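Reader: Hey, I've got a new structure open and could use a hand finding my way around. Mind if I fire off some questions?

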Amino acid sequence: MSERTIPRPTTTAADDPRATVERLRRTFRTGRTRSYEWREEQLAGLARLVEENEDRIAEALHADLGRTRAEAWLGDISSTTGEIAYARKHLRRWMRKRRSPLPLNQRPASAWIQYDPLGTVLIIGPWNYPVYLVLSPLVAALAAGDCVVVKPSELAPACSSLMAELLPRYVDPQAVAVVEGDGAVTQELLSLGFDHALFTGGTEIGRKIMAGAAPTLTPVTLELGGKSPVIVHEDADLEVAARRIAWLKLMNSGQTCIAPDFVLVHRSVRERFVEILRTTLTEFTADRDGAGLRIVNRRQFDRLASYLDRTGGTVALGGTVDAERLEIAPTVVLDPAPDDAVMVEELFGPILPVITYAALADAIDYIEERPKPLALYCFTSDRAVRDRVAQVSAGGVVFNHIAMHVLVPQLPFGGVGDSGMGAYHGEWGFQTFSHRKSVLAKTVWPDPRFVYPPYTDKALRLMRRFF
Ligand code: NAD
């Protein structure tokens with residue numbers, strides 16, 4: 001795959017975000033995005049976009065992130081097609097009015113809840129899964145019948161320009177627009193006001209998004225990051241735990257929001273677990289011939305390399321960096337102190353700190369004393385341990401695996417506290433981009449006079465009985 005096959009950034013409506021948003025708002029007012037048929041047509045268009053351009057998507061992911069074909073398919077292609085297929089299968093049901101029962105004093109009448117499209121919404125994407133994390137929120141917004149401005153990350157330029165080129169060809173170009181650009185462009189967009197904005201990115205930028213959205217009261221869903229811990233309990237199957245942790249830590253060079261950030265291992269199994277982890281990581285990277293894993297850009301590379309320079313932990317595997325190729329070897333750091341950078345900052349790279357605990361309560365305290373994670377993992381077959389760990393506040397919890405919850409469209413995906421607010425995927429995404437509207441349809445009869453002023457004592461007595 002070569003970079004030459006990637007199209008240059010196309011000139012899109014990026015030049016004039018205001019005109020783009022106005023155009024989308026006009027489209028929304030025509031009402032055409034509300035019908036089931038329109039929504040289904042858009043989802044079918046997205047399915048064709050991915051199917052017909054799988055090679056180009058993989059090439060763009062390779063150019064931006066050095067991704068292999070297998071990782072392109074796993075991380076961005078199959079995840080997106082799964083979300084599209086699920087939405088197409090269930091959309092009619094999601095759109096149905098939901099009848100509501102009524103208290104006696106409100107009868108005769110009928111009542112229902114209907115999910116209305118919000119209007120024109122904004123999707124702001126990150127660079128790490130630059131196709132999936134733009135298209136899957138788009139699936140939700142189009143299923144909800146909204147018009148959408150998509151702002152992909154400028155740090156994955158090949159994917160950004162590919163989205164700008166392809167989306168208008170596969171979905172209604174009067175309803176979906178791609179605006180390319182950086183943080184300043186995003187703030188300019190936000191200042192125009194939207195009916196909703198869904199942002200995926202880091203916690204610090206998340207604060208800026210919320211601040212940028214406040215003047216126009218644009219509601220936000222924030223899909224943020226953080227440090228996702230893995231507890232390896234004393235009864236864990238250590239081979240399986242090591243394989244699953246290593247798999248997700250290596251995927252996309254560890255640049256995954258729900259990658260295992262650090263491991264808390266029970267002290268009774270620590271030696272064996274670390275040994276198996278080292279062997280597994282070495283085996284999984286045997287085809288790389290000693291080369292490290294590619295990091296997205298110089299800034300991220302320097303950040304990770306400086307953590308390794310400064311760590312007070314013991315490097316049990318890897319630890320080498322290649323500044324020319326922006327590569328970092330899969331690295332295991334044992335027993336870093338709580339204030340070590342690798343234990344404070346979200347790693348977002350192929351570095352895995354491992355610390356030890358003596359009692360489950362200590363591991364849980366360690367997690368609960370820190371910002372709420374996006375994901376919490378625990379390897380155990382002990383039901384009591386599972387019940388206790390499931391109570392810890394985290395965006396999502398997975399037992400005996402890593403990251404799999406993201407691929408279950410029936411489950412809401414989102415963070416809590418510092419790891420985000422709101423959720424999407426499947427019907428949850430449809431609801432995020434819809435207004436849950438109450439409709440109460442009364443009859444003109446009966447129309448009891450006693451509810452109207454002037455009030456008599458008798459009227460008040462009657463009102464007390466009826467309301
Ligand atoms: P980022 O926060 O740097 O950028 C994301 C987007 O915000 C980009 O489109 C960028 O152009 C825009 N942006 C940058 N500065 C801005 C500003 N001042 N105002 C407005 N917009 C601005 O995130 P990233 O580096 O692309 O992604 C990595 C982070 O995202 C990690 O923290 C990771 O955990 C998180 N993440 C979360 C999820 C999730 O689903 N919760 C998924 C992937 C990544």
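Reader: Where is proline 103 found?
Author: This is a predicted model, and in it proline 103 lies in the loop between strand E1 (98–100) and strand E2 (109–117).

Reader: OK, and how does proline 103 count by relative accessibility?
Author: Proline 103 counts as partly exposed, because its relative accessibility is 45%, and that class sits between the cut-offs of 20% and 50%.

Reader: What separates the C-alpha atoms of proline 103 and tyrosine 307?
Author: 61 Å in space, with the two residues 204 residues apart along the chain.

Reader: Switching to the ligand: how many residues surround it, and which are the closest?
Author: There are 28 around the ligand, and the closest are Gly125, Trp127, Glu154, Leu224 and Glu346.

Reader: Which atom of the ligand does the backbone of leucine 224 lie 2.7 Å from?
Author: A nitrogen atom of the ligand, with a backbone N or O atom of leucine 224 on the other side of the pair. Glycine 202 has a backbone N or O atom 2.9 Å from an oxygen atom of the ligand, and for glycine 201 the distance from a ligand oxygen atom is 3.2 Å.

Reader: How much of the ligand's accessible area does the protein cover?
Author: 89% of the 850 Å² that the ligand has on its own.

Reader: Which elements give two or more residues to that shell?
Author: Helix H7 (183–192), strand E6 (196–200) and helix H8 (203–213).

Reader: And what's the shell like by class?
Author: Twelve residues are nonpolar, ten polar and six charged. Domain 1 (17–224 + 433–439) and domain 2 (229–413) each supply at least three residues to the shell.

Definitions and conventions
Residues numbered from 1 in each chain as written. Predicted model: local features only at pLDDT ≥ 70, side-chain atom pairs only at ≥ 80, totals over all residues. Heavy atoms only, no water. Helix = DSSP H or I, 4+ residues; strand = E, 2+ residues; numbered from the N terminus. Buried < 20%, exposed > 50% of the residue type's maximum accessible area, 1.4 Å probe, protein only. Near = heavy atom within 4 Å. Polar contact = N/O pair within 3.5 Å; in protein donor to acceptor, adjacent residues only side chain to side chain. Areas by Shrake-Rupley, 256 points an atom, 1.4 Å probe, with all protein chains shown as cover. Nonpolar A, V, L, I, M, F, W, Y, C, P; charged D, E, K, R; others polar. Domains from an automatic or database assignment.
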